[in-house]
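Student: Could you take me through one part of this model in detail? I'd like to follow a single connected stretch, one step at a time, and see what surrounds it.

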Amino acid sequence: MAADEPDHRPGEDPLTEPPPVADEPAPRDATPGGRLAGVAPEVGVAKPDPVLVVDGVTRTFGGLTAVDVAHLEFQRGAITGLIGPNGAGKTTLFNLLTGFDRADTGNWTFDGTALNRMASHRVARLGVVRTFQLTKALAKLSVLDNMRLGATGQRGESFFGALFTPWGRQEKQVTERARELLARFKLDAKADDLAGSLSGGQRKLLEMARALMMDPTVVMLDEPMAGVNPALTQSLLGHVRSLRDDGMTVVFVEHDMDVIRDVSDWVVVMAQGSVIAEGPPEALSSNRAVVDAYLGAHHDRALEFDDEGNPVGETAELVAEMEAAEMGTQAAAAEPPAAGKEPRS
Ligand SMILES: Nc1ncnc2c1ncn2[C@@H]1O[C@H](COP(=O)(O)OP(=O)(O)OP(=O)(O)O)[C@@H](O)[C@H]1O
Ligand SMILES: [Mg+2]
């Protein structure tokens with residue numbers, strides 16, 4: 001099935017603008033990295049054009065503080081890499097910002113609009129979306145239906161109750177948009193196949209394509225490369241860059257530091273719920289706190305895949321764990337075993 005994988009290769013970044021002159025405001029069309037060039041690598045630093053601003057956000061689970069972020073700004077139009085050891089609070093922060101979890105304290109705004117206490121589908125309609133993994137339930141829908149589901153801003157459980165679209169368009173237009181996006185991600189030939197029949201890399205592309213059904217301003221990707229054959233990493237990264245090149249703001253969680261350095265305009269480092277460092281990717285390796293947080297707690301698992309690019313062994317368990325976490329354990333437990341090959345303990 002590897003031969004069916006999209007063969008997209010990212011081209012050179014079309015970065016033709018010179019970097020902004022330091023004592024002049026950055027021009028609108030300057031590159032995202034260039035526009036952040038004068039920003040000090042300090043926790044909580046103000047950005048020239050923040051699209052998401054987080055203030056005093058905390059979330060505790062029992063006695064555990066999962067998130068405690070004093071101040072954080074995400075630059076519009078940039079790719080921000082969010083890193084940190086396992087359990088640092090990255091996914092919880094994503095869940096809070098996109099309305100899938102409730103903060104204990106704090107405020108956050110999108111383009112000046114307060115998002116706290118807003119339901120996830122409203123946050124999505126405003127333009128802040130996150131990807132969801134292709135869960136077992138979604139695997140039983142066609143690729144095209146997964147895309148149409150994306151137009152509702154809902155997760156699979158709420159599919160049949162969610163009939164609105166972000167643009168109030170008709171069914172036909174939703175389907176047209178879905179087909180356009182499938183073509184962009186080279187999945188158009190798979191539109192009528194069950195999503196569960198896709199290879200690992202194609203699933204990740206579908207997750208990204210589905211998020212774009214909302215015409216988002218901000219796209220939050222939680223480990224978009226996790227569980228994917230390393231041979232496909234460059235292709236996925238090309239798509240991540242293309243979101244930015246289309247003017248979207250991208251926030252993405254990733255453990256691989258080479259990937260982070262390669263694709264991020266700015267990097268935010270979390271540990272134990274808090275932001276412990278932020279700065280341009282070049283500043284990372286010399287930051288003692290980052291090195292300590294990583295070498296102290298994070299250990300890479302060796303990822304294993306079969307010939308078709310499907311995760312096996314511990315990697316498959318990891319993917320199943322991530323799926324269960326996304327779906328909620330009760331929903332996952334209620335599912336009968338899938339007809340396909342997804343292993344689950
Ligand atoms: N629903 C929950 N109930 C209880 N504890 C939770 C819940 N969700 C997250 N946690 C805890 O909050 C902390 C932060 O978890 P989170 O999943 O946000 O970390 P992460 O940075 O995404 O980690 P990873 O890199 O492993 O994905 C962890 O200690 C985790 O066990
Ligand atoms: Mg996580």
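Tutor: Happy to. T58 has T105 as its bridge partner in β4, and that is a good place to start in this predicted model. The pair belongs to an antiparallel arrangement in which β1, residues 50-61, is joined to β4, residues 105-110, by five bridges. On its other partner strand, β4 pairs with β5, residues 113-114, through two bridges, again in the antiparallel sense. There F110 faces T113 of β5. The hairpin formed by β4 and β5 leaves two residues between the strands, and D111 in it adopts a positive phi near 50 degrees.

Now let's go back along the chain to α2. A positive phi turns up here too: G99, which follows α2, has a phi near 80 degrees. The helix itself is largely enclosed by the rest of the structure, because eight of its eight residues are buried. That list runs through K90, T91, T92, L93, F94, N95, L96 and L97. As a general point, an α-helix has 3.6 residues a turn, so residues three or four places apart point the same way.

Just ahead of the helix sits G89, in the loop that links β3 (79-83) to α2 (90-97). Is G89 buried or exposed? The threshold for buried is 20 or more other C-beta atoms within 10 Å, and G89 has 25 such neighbours, so G89 counts as buried. Leaving aside residues up to four places away in sequence, the contacts of G89 are A66, V67, M270 and G273. R59 lies 30 residues from G89 in sequence, yet their C-alpha atoms are 9.2 Å apart in space.

G89 also brings us to ligand 1, since G89 is one of the residues around that molecule. The others in the shell are F61, L64, A66, G84, N86, G87, A88, K90, T91 and T92. A66 is therefore worth a second look: A66 touches G89 and is itself in the shell. Which element gives the most to the shell? That is α2, with three residues. Both β2 (64-75) and α2 supply at least two residues each. In chemical character, the shell has four nonpolar residues, six polar ones and one charged.

To draw the thread together, G89 sits in the loop before α2, is buried and belongs to the shell around ligand 1, while α2 is largely enclosed and gives that shell the most residues.

Note on methods
Residues are numbered from 1 along each chain as its sequence is written. Chains are lettered from A and ligands numbered from 1 in the order in which they are written. This is a predicted model: local features need pLDDT of at least 70, side-chain atom pairs count only at pLDDT 80 or more; totals for chains, interfaces and linings use all residues. Helices (H or I, at least four residues) and strands (E, at least two) are DSSP runs, numbered from the N terminus. A residue is buried if 20 or more other C-beta atoms lie within 10 Å of its own, exposed if 12 or fewer, and partly exposed in between; C-beta atoms are placed from the backbone. Two residues are in contact if their C-beta atoms, placed from the backbone, lie within 7 Å. A residue is near a molecule or strand if its C-beta atom, placed from the backbone, lies within 6 Å of it. Ala, Val, Leu, Ile, Met, Phe, Trp, Tyr, Cys and Pro count as nonpolar, Asp, Glu, Lys and Arg as charged, and the others, Gly among them, as polar. Two strands pair if DSSP finds at least two bridges between them.
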